[in-house]
Number of protein chains: 2
Amino acid sequence: MDLKIKIEEIVEMESRFRVHFVNSLSGFKSANLIGTVDGKGRENLSMISSCFHLGADPALMGFIVRPHSVPRHTLENILETEYFSINHVNKDIIKNAHQTSARYDKEESEFFHCNLASIYEEGFKAPFVKESKVKIGLRKDEVLKLKNNTELVIGKIELVILPENCLKKDGFIDLEKSDTICVSGLDSYHGTNKIFRLSYAKKGEDLKELKD
Amino acid sequence: MDLKIKIEEIVEMESRFRVHFVNSLSGFKSANLIGTVDGKGRENLSMISSCFHLGADPALMGFIVRPHSVPRHTLENILETEYFSINHVNKDIIKNAHQTSARYDKEESEFFHCNLASIYEEGFKAPFVKESKVKIGLRKDEVLKLKNNTELVIGKIELVILPENCLKKDGFIDLEKSDTICVSGLDSYHGTNKIFRLSYAKKGEDLKELKD
């Protein structure tokens, strides 16, 4: 049986119920840790499920910071220092990553409190998560305020660190080999199992399943 | 062994290799079909992997349209009629969904060419995908042009249709029950297996795994 839920009913939902409901609607989401540091050397780490691809040339990624959300420290640090890292959450660090969403003060490093190690790369200001297998270093390109007071942060990719055996001949990165997981709703974590890769779609041609 | 790939090397990559590489970096992505229709009744359907949550109150979702990409017809239709639907791709319609990324003319309906059925709900202008189990009806709220000529489309949720047994007591939607899949890179499709749901994170408190 299908439910048909209209906006009037969504508005009437109990607020925590609505947050779970609407957060589930976009589908499975990436789970990433954003690493930053402020001018005084205070590190911050926050879990973000809204990272997305914005273009390959120039290589850009974006993510959303919502008003009053924990990642405000992240945004403040990016505005101050311009640098941030995006680190894939893998199956061994899910609880550590989820714990970064607790409300720590700016003086408290989530790296320390969530038992994750920060590492630095030469010439790059922001910390990376040592335990993360796929790490991306970015520099702020644009920060846009949207109508509902969310902010869209766009960064240019400067550096990518990943296990050699995850990179395939055609440039595709095998995220199951890096144990990268995904999230649904606010708090549900999922491993993945590959179904297939498909060939580039062309009008009037049958799709092929790509072999490794 | 880790690879460290700097931006200079990304710029030098062969263009198709770079597209696969950078598209893989954000992690696992949602796979959604955007349904629209123009003022003449010509339907359009396009696969989008960049849908994201923007807020629960008001209930907003967004997605990215890149320049010269196939979903331009989608954007044109949204600008003309204001309405669009977001339909989860499930394991039974992956090839149909992927095929919508072929370059069809505006006169050609991807519903027809990709063997998916369009259905309409009373009072809602845009078509939904019948075979999709989770369907969301939205009305355009804001369209923003970003610096690299991508456009961010934001819609207000007006209607949600989903199987009753997917909706949990706390508002969370079980996307494994709806057979929703996810995508990585441009063309790799994945099922998921739930690891756990975690309790709301608080400073100094241990996380609990939530039971159904």
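What percentage of the 212 residues in chain A is made up of buried residues? In this predicted model, buried residues account for 52% of the 212 residues in chain A.

**View 1. Overall fold of chain A.** Chain A contains five helices and 14 strands. With a radius of gyration of 19 Å, close to the 17 Å that the globule rule gives for 212 residues, chain A is as compact as a globular protein of that length. The C-alpha trace of chain A spans about 60 × 50 × 30 Å along its principal axes. When contacts in chain A between residues at least 6 apart in sequence are considered, 61% of them join residues at least 24 apart.

**View 2. The axis relating the two chains.** A turn of 180 degrees, with a shift of 0.0 Å along the axis, lays chain B on chain A with an RMSD of 0.0 Å. The two copies are thus related as by a two-fold rotation axis. In chain B, the C-alpha nearest this axis belongs to B:Thr192, which lies 2.1 Å from it.

**View 3. The contact between chain A and chain B.** Each side is given by its residue count, with 94 residues coming from chain A and 94 residues from chain B. On the side of chain B that touches chain A, the largest share, 11 residues, is supplied by strand 13 (residues 188-198) of chain B. By residue class, that side of chain B is divided into 48 nonpolar, 25 polar and 21 charged residues. Of the interface residues of chain B, 100% are also interface residues in chain A, so the copies meet through the same surface.

**View 4. Helix 2 of each chain and its packing partners.** In helix 2 (residues 15-24) of chain A, the buried residues are A:Val19, A:His20, A:Phe21, A:Val22, A:Asn23 and A:Ser24. These buried residues of helix 2 of chain A pack against strand 12 (182-184) of chain A and, across the interface, against strand 5 (52-56) and strand 6 (59-65) of chain B. In helix 2 (residues 15-24) of chain B, B:Val19, B:His20, B:Phe21, B:Val22, B:Asn23 and B:Ser24 are buried. Their packing partners are strand 12 (182-184) of chain B together with strand 5 (52-56) and strand 6 (59-65) of chain A.

**View 5. The largest nonpolar core, with a close-up of A:Ile173.** This core has 116 residues, and those with the most contacts inside it are A:Met61, A:Ile173 and B:Met61. Leaving aside its neighbours within four places in sequence, A:Ile173 is in contact with A:Leu162, A:Cys166 and A:Leu167 from chain A, and with B:Phe21, B:Ser24, B:Leu25 and B:Gly185 from chain B. Two of these partners, B:Phe21 and B:Ser24, are buried residues of helix 2 of chain B.

**View 6. Strand 11 of chain B and the strands that pair with it.** Strand 1 (residues 2-6) of chain A pairs with strand 11 (residues 151-163) of chain B in the antiparallel sense, over five bridges. In this pairing between the chains, A:Ile5 has B:Val160 as its bridge partner, while A:Lys6 stands opposite B:Leu159. Within chain B, strand 6 and strand 11 also pair in the antiparallel sense, over six bridges, and there the bridge partner of B:Gly62 is B:Ile154.

**View 7. The hairpin of strand 10 and strand 11 in chain B.** Strand 10 and strand 11 of chain B are paired in the antiparallel sense over 10 bridges. Among the facing residues, B:Leu144 stands opposite B:Leu152, and B:Lys145 stands opposite B:Glu151. The two strands form a hairpin with five residues between them, and in the turn B:Asn149 has a positive phi of about 70 degrees. Strand 10 (residues 135-145) of chain B is also joined by five bridges to strand 7 (residues 83-88) of chain B, and these strands run antiparallel. In that second pairing, B:Asn87 has B:Lys135 of strand 10 as its bridge partner.

How values were computed:
Residues numbered from 1 in each chain as written. Chains lettered and ligands numbered in written order. Predicted model: local features only at pLDDT ≥ 70, side-chain atom pairs only at ≥ 80, totals over all residues. Contact = placed C-beta atoms within 7 Å. Helix = DSSP H or I, 4+ residues; strand = E, 2+ residues; numbered from the N terminus. Nonpolar A, V, L, I, M, F, W, Y, C, P; charged D, E, K, R; others polar. Pairing = 2+ DSSP bridges. Buried ≥ 20, exposed ≤ 12 C-beta atoms within 10 Å, placed from the backbone. Core = buried A, V, L, I, M, F, W, Y, C linked by C-beta atoms within 7 Å. Rg over C-alpha atoms; globule rule 2.2 N^0.38 Å. Least-squares fit on C-alpha atoms with pLDDT ≥ 70 in both.
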